[in-house]
Amino acid sequence: MNKLTLFLLLLTLTGRAQHPALLPLPRELAWTKQSFALTGIIQLKTNSADAKPVADSIAQFIQQVSPATVSQNAPDTAKEIALLLEPNGAFSQQPEGYALTVLGRSVQLRAATVRGLFWGYQTLRQLHQAKPQPVLAGCSISDYPAFAIRGFMHDVGRSFIPVARLKQHIAVLSRYKINTFHWHLTEDLAWRLQSDSIPNLTDSTVTKRFPGQFYTKQQAREIADFCQANQVLLIPEIDMPGHSAAFRRATGHDMQSDSGKLLVKKLLREVCALFDVPYIHIGTDEVAFKNASFVPKMAAVVRESGKEVIGWIPGARLEQSVIRQMWMGTIKPKPGQPVIDSRDLYFNHFSAQADLISVFQRNICDTTSGSAERLGAIGCIWNDRKLADVDQVERLNGFYPAMLTLAERAWRGGGQPLTKAGPVLIDKVAFAGFENRLLAHKQQHFTNLIFPYVRQQNLHWRIIQPFPNGGDLTNRFPPEDGKLDYPGLDATGATIYLRHTWGPAIVRGYLDKPAPNHTAYVYTHIYSPKPQTLGAWVGFHNYGRSEKDASPPAGQWGYKGSKLWVNDQEIQPPVWETPGQHPADNEAVYTNEPYENRPPLPISLKKGWNKVLIKLPVGAFQTTDYRLVKWLFTFVPVRPNGLNYDAADGLIFSPDKRR
């Protein structure tokens, strides 16, 4: 075996660990050489009737993945799994903590609460190895989360997600210890929750998007019960007094008027009675307050109904004790103020590959571990722009990859401040270890789910410092004639941001001081062991799901003059389905503008080294075509794998042709 063949073999095996990939990674983990065989008769024991639901789940799981027989009355010689609920034990101060020990003949799971046992069970599921025979990998784990809130939010006012799909999201994410579902039920476009006090709130004549789609009270109870069964906190949100045009259409009243307040009070009492949950989120963001008494009175109604209030910040003034959910990147949490962090966690603005790196690298609530004031984080999806179907909610927002990354960060804690994080890869070793585990779970558990993420730790680029273009995006510079020996910056990833923005705030990108009216060039060389044609994800703009961005003109990649060459042959863009479309509103659905929404572009590689050169001009940083000009590109060769794509294997990316 020559050196190249050996290297490619090792590259192929990257991330294929001897031990199971655990996600989130436990706080303390020691592997042993033992394993617990899922064969024969296994006795399942508990020391409390409260542990029975978790015990039943473990029994059901073992029976799904193995031929073992699980019994509570097995002979003394049988292998044993014991669940021990110990309220005053080692985790009495860590209600979600657990200890898990897997030996050759016994498994022991200890926790102070049923929730702790449940998270231990989810880790136990990840210890399963199917071949050569079904076993649980031997280990000793002591684990608890850094943050109490680890959640996701769906804006079903602007979109609609059927009950079955919501349950799927809750069930899948609870396997990764995501413990909160924030359900944003009302918006300007639609009111999605059935009401007895104002029945026509959900009427098709009131609903501007997806008319006739709403949740009945019975369905809402189903979701609440399903959350409870999966140890997930449900936070229903009735947004007020802003984002309430659907309410005005249905009632003829503004929420802040005297008559409107009476109706909102009825609605709040109805919602509080419907949901057996501790919190009701009342929004209060993005609105002019014309009636100073509105929010205090509504908060009082919630409290009188036995619930506590959550509100957005920026938003209305609320008491210091009220939990606030931060959504603006410039906001810093005040001392003593309980907060949930959603800053820069709006997946609808994500470019899935690069912004996943941001989530992995950042801290939460400006700290590395939680407290009574720093509660955790919720990742949000706001589909201001209409999406064609529910699959696009997952595909275009990178839902599952982003949430698994947030699950890791919120459980483990740590990370860099927002100003130092961003999509510029800081610790390549730490990210590679996480990405290996993430992709192992993609391979094992997401073959039938949408998971738009591929390996990017080995994609290396060089950015040539930008040339001033005088506002002419067609200007040509020496790299197009083969001159690449300029000072440059090294970058790693499938999507590279030269300039990243969330609006007025500029997120860290690879250029320290990006300036308008410049042209950058980025290049690498790809070693291919054979001649081949591969598909590639290619893109030059992030089509955020909250933007009215224009579709590219026919025959061009977009409005910035971007170009791509492979081995000095220019690669033409796809045929756009809606070329040059400038949407007047957010009701124009995406067709093939985002690279995730179209077949990969064919790219021909020769045996040996292949040059890839990318031209990235930019003019103004806000234009009539793009409200948020994100200076970036995406390029990664991929292969189909069921519903998803994987990075094409056997390739080496190196600007310096280093094998």
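**Reading cavities, a pocket and two helices**

Student: Which residues lie nearest the centre of the largest cavity, and how many residues line it?

Tutor: The lining of the largest cavity consists of 18 residues, and those nearest its centre are His541, Asn542, Tyr543, Pro594 and Tyr595. Keep in mind that this is a predicted model.

Student: How is such empty space found, and how many cavities of 30 Å³ or more does the search give?

Tutor: The general idea is that a probe the size of a water molecule, rolled over the atoms, shows where empty space is left. Here, a search of the whole structure gives eight cavities of 30 Å³ or more. The largest cavity holds about 160 Å³ of space, and its lining divides into nine nonpolar, five polar and four charged residues.

Student: What lines the second largest cavity, and which helix gives the most to that lining?

Tutor: The second largest cavity holds about 90 Å³. Among its lining residues are Asp344, Phe350, Arg362, Leu418, His500 and Trp502. Helix α9, residues 352-361, gives the most, with three residues. By class, the lining has six nonpolar, three polar and three charged residues.

Student: How many residues of α9 are buried, and what do they pack against?

Tutor: A residue is called buried when its relative accessible area is under 20%. In α9, 10 of 10 residues are buried; they include Asp355, Ser358 and Val359, which also line the second largest cavity. The buried residues of α9 pack against α11 (399-412), α12 (428-445), β19 (495-501) and β22 (532-539).

Student: Which residues of helix α8 are buried, and where do they sit around the axis?

Tutor: An α-helix has 3.6 residues a turn, so residues three or four places apart point the same way. In α8, residues 294-304, the buried residues are Phe294, Val295, Met298, Ala299, Val301 and Val302. They cover an arc of only 155° around the axis, which puts them on the same side of α8. Their packing partners are β11 (233-240), α7 (258-274), β12 (279-283) and β13 (308-313). Just after α8, Gly306 has a positive phi of about 90°.

Student: What is the volume of the second largest pocket, and which residues lie nearest its centre?

Tutor: A pocket is open, whereas a probe in a cavity cannot get out. The volume of the second largest pocket is about 660 Å³. It is lined by 26 residues, with Glu286, Trp327, Tyr346, His349 and Trp502 nearest its centre. The lining divides into nine nonpolar, eight polar and nine charged residues. Trp502 lines this pocket and also the second largest cavity.

Notes
Residues are numbered from 1 along each chain as its sequence is written. This is a predicted model: local features need pLDDT of at least 70, side-chain atom pairs count only at pLDDT 80 or more; totals for chains, interfaces and linings use all residues. Side-chain values use heavy atoms; hydrogens and water are left out. On a 1 Å grid over the protein atoms alone, a cavity is a set of points where a 1.4 Å probe fits but cannot get out, and a pocket is an open set with protein on both sides within 12 Å along at least five of seven lines; lining residues have an atom within 4 Å of a point. Grid points are joined across faces, edges and corners, and a volume is the space filled by probe spheres set on the points. Ala, Val, Leu, Ile, Met, Phe, Trp, Tyr, Cys and Pro count as nonpolar, Asp, Glu, Lys and Arg as charged, and the others, Gly among them, as polar. Helices (H or I, at least four residues) and strands (E, at least two) are DSSP runs, numbered from the N terminus. Buried means under 20% relative accessible area, exposed over 50%, partly exposed in between (1.4 Å probe, protein chains only). The arc is that of the directions from the helix axis to the C-beta atoms. Contact means heavy atoms within 4.5 Å.
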